[in-house]
Amino acid sequence: MKTIQAYRFALDLNPGQERDVLAHAGAARVAHNWALARVKAVMDQRTAERSYGVAEQLLTSSLPWSLAGLRKAWNTAKPEVAPWWGEVSKEAFNTGLDALARGLKNWSDSRKGARAARPVGFPRFKSRRRSTPSVRFTTGAIRVEPDRMHVVLPRLGRLKLHESARKLARRLDAGTARIMSATVRRDGGRWHVAFTVEVDRVEHGPARPGSTVGVDVGIKHLAVLSTGELVANPRHLLEAQAGMRALGRALSRKTGPDRRTGRRPSKRWERAAARLARAHARVANLRRDGLHKLTTRLATTHGTVVVEDLNVTGMLANRRLARHIADAGFAEVRRQLAYKTGWNGGRMLTADRWYPSSKTCSGCGTVKTKLALSEREYQCETCGLVIDRDHNAALNLAALAAEFDTAGSGPVAGRGADQKTRVHGQVAVKRQPGTAPAGQTGTVSPQGETTDRVLTKAH
Ligand SMILES: [Zn+2]
């Protein structure tokens, strides 16, 4: 099975290399902003002409919004706009123009209602201060050095990795992986390189294809499974979270930027903000790492994995930080399980957001009208069951798989409540063969994506 997969590694750049990368990221921004200004100017011109009653065919011709069109316009203009263009790789400009082409497409799809995801606004100018510096290379010499501690990228040369690239190198050596692009970007105060790779995976079935497991993602524990197992949070996560809160308080005591008065942040504020960003990144990494281990184990063991759609029932106190982390965890678990169950020949089912997984008794099916957040133990008045709250929820999720199988993919008959569809199968994002040609600019994974996004390819 061919999949598109990302491998991300932290980089140790020396000051000269950091300058080079920033120059490339800056060039990407220049091209992006120049093209955006052109697009806007032409749009405004056409709007004005229409308002004077100029006939549609006589309007100023609109600028093509495709990557190829934007690139053509840029190549004509670059000697004027960026006389220094020869100093950076052309891939830098391509990075910025590709981001714009995608942004314009998402905006126009969103306006036409052709986009399933949340609405997207018109692309905005990228500022040096606020945008994440990044540059993507899709052609030229991109490789991992035999020592697995260095990578070679066009123009930037040999960059030292902070961690070993052995996992990717093994696949490359075995011929089961092909690098399609490499993106260098700064995340959470640290430089990373992310390779988009076409991987040929050997298909394995789950160890127990007939088995079903319900997963209740939490905050005190990483997750509670319907088997009764508590999956603990990764080590050091609690300390890292405490450190993050302390840094947040420290930041709030310093002089930050103010948009209304145009006040610039103080140096101390900037340093504190950078520390906080690093702490955020560390917490996110620790959590993601724990979730990866969990989802891999679930997908390789069980044939069916049932998760909740959203954490609306709120098994945790509604504090913003806790809420934010848990919601991110929910999304991450679903995302990882969706492709990992696909790789392993299993399936993931998602319970509808209205499904009362916490309020339902896993023993007799009675649904409580109220369940306080503080009640950590579920006590059923009908059958007398006493069970840990999260374990109960996980059992209910697992039980949904049976309902799904008897009812097919249509709406599932409710158990004591009046909601419609309770559970639905996960539809993997499919790419038709040939729509993801390797090595072509602008066709690989978009900029600014999560690091290990995966698309299952039809084969
Ligand atoms: Zn009961």
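This passage describes a zinc site, a pocket, one helix and several individual residues in a predicted model.

The zinc ion is held by four cysteines. Its donors are the SG atoms of C361, C364, C380 and C383, at 2.2 to 2.3 Å. The 4 donor atoms subtend angles of 107 to 113° around the zinc ion, so the arrangement is tetrahedral. For four tetrahedral donors, the ideal angle at a metal is 109.5 degrees. Along the chain, the donors of the zinc ion follow the spacing C-x2-C-x15-C-x2-C. C364 and C383, a pair that links distant parts of the chain, are 19 residues apart. C364 sits in the loop between β12 (347–351) and β13 (377–379). C383 belongs to the loop between β13 and β14 (386–388). C364 has a relative accessibility of 38% and therefore counts as partly exposed. C383, at 42% relative accessibility, is also classed as partly exposed.

Strand β13 also contains Y378. This tyrosine has a relative accessibility of 1%, so Y378 counts as buried, the limit being under 20%. The C-alpha atoms of Y378 and R389 are 5.0 Å apart in space, with their positions 11 residues apart in sequence.

The second largest pocket has a volume of about 1000 Å³. Its lining comprises 26 residues. Of these, R128, R129, R130, S131 and R186 lie nearest the centre of the pocket. Three elements, α1 (15–51), β6 (177–187) and α6 (267–301), each supply at least two residues of the lining. Helix α6 gives the most, with 6 residues. By residue class, the lining of the second largest pocket divides into 12 charged, 9 nonpolar and 5 polar residues.

Helix α1, one of the elements that supply this lining, also contains A28. A28 is buried because its relative accessibility is 6%, under the 20% limit. A28 and A99 are 71 residues apart along the chain, and their C-alpha atoms are separated by 9.1 Å.

Helix α3 covers residues 90–112. Its length was checked against the expected rise. At 1.5 Å a residue, the 23 residues of α3 should span 33 Å. The C-alpha atoms at the ends of α3 are 33 Å apart, which agrees with that expectation. The expected span is 1.5 Å times one less than the number of residues, which is why the count of 23 leads to 33 Å. Just after α3, G113 adopts a positive phi of about 75°.

Positive phi values also occur at two arginines. In R148, phi is near 65°, a positive value in a residue other than glycine. R148 lies in the loop between β3 (143–144) and β4 (150–153). Its relative accessible area is 24%, so R148 is partly exposed. R155 likewise is not a glycine, yet has a positive phi of about 65°. R155 is placed in the loop between β4 and β5 (157–161). With a relative accessible area of 52%, R155 is exposed, because the class begins over 50%.

A further helix residue is A331, which lies in α7 (residues 320–343). A331 counts as partly exposed because its relative accessibility is 36%. The C-alpha atoms of A331 and E308 are 9.6 Å apart in space, and the two residues are 23 residues apart in sequence.

Note on methods: Residues are numbered from 1 along each chain as its sequence is written. This is a predicted model: local features need pLDDT of at least 70, side-chain atom pairs count only at pLDDT 80 or more; totals for chains, interfaces and linings use all residues. Side-chain values use heavy atoms; hydrogens and water are left out. Donors are N, O and S atoms within 2.8 Å of the metal (3.2 Å for Na, K and Ca); water is not among the atoms, so sites may look incomplete. Four donors count as tetrahedral if all angles lie between 85 and 135 degrees; four count as square planar and six as octahedral if opposite donors are over 155 degrees apart and all others between 65 and 115; anything else is irregular. Helices (H or I, at least four residues) and strands (E, at least two) are DSSP runs, numbered from the N terminus. Buried means under 20% relative accessible area, exposed over 50%, partly exposed in between (1.4 Å probe, protein chains only). On a 1 Å grid over the protein atoms alone, a cavity is a set of points where a 1.4 Å probe fits but cannot get out, and a pocket is an open set with protein on both sides within 12 Å along at least five of seven lines; lining residues have an atom within 4 Å of a point. Grid points are joined across faces, edges and corners, and a volume is the space filled by probe spheres set on the points. Ala, Val, Leu, Ile, Met, Phe, Trp, Tyr, Cys and Pro count as nonpolar, Asp, Glu, Lys and Arg as charged, and the others, Gly among them, as polar.
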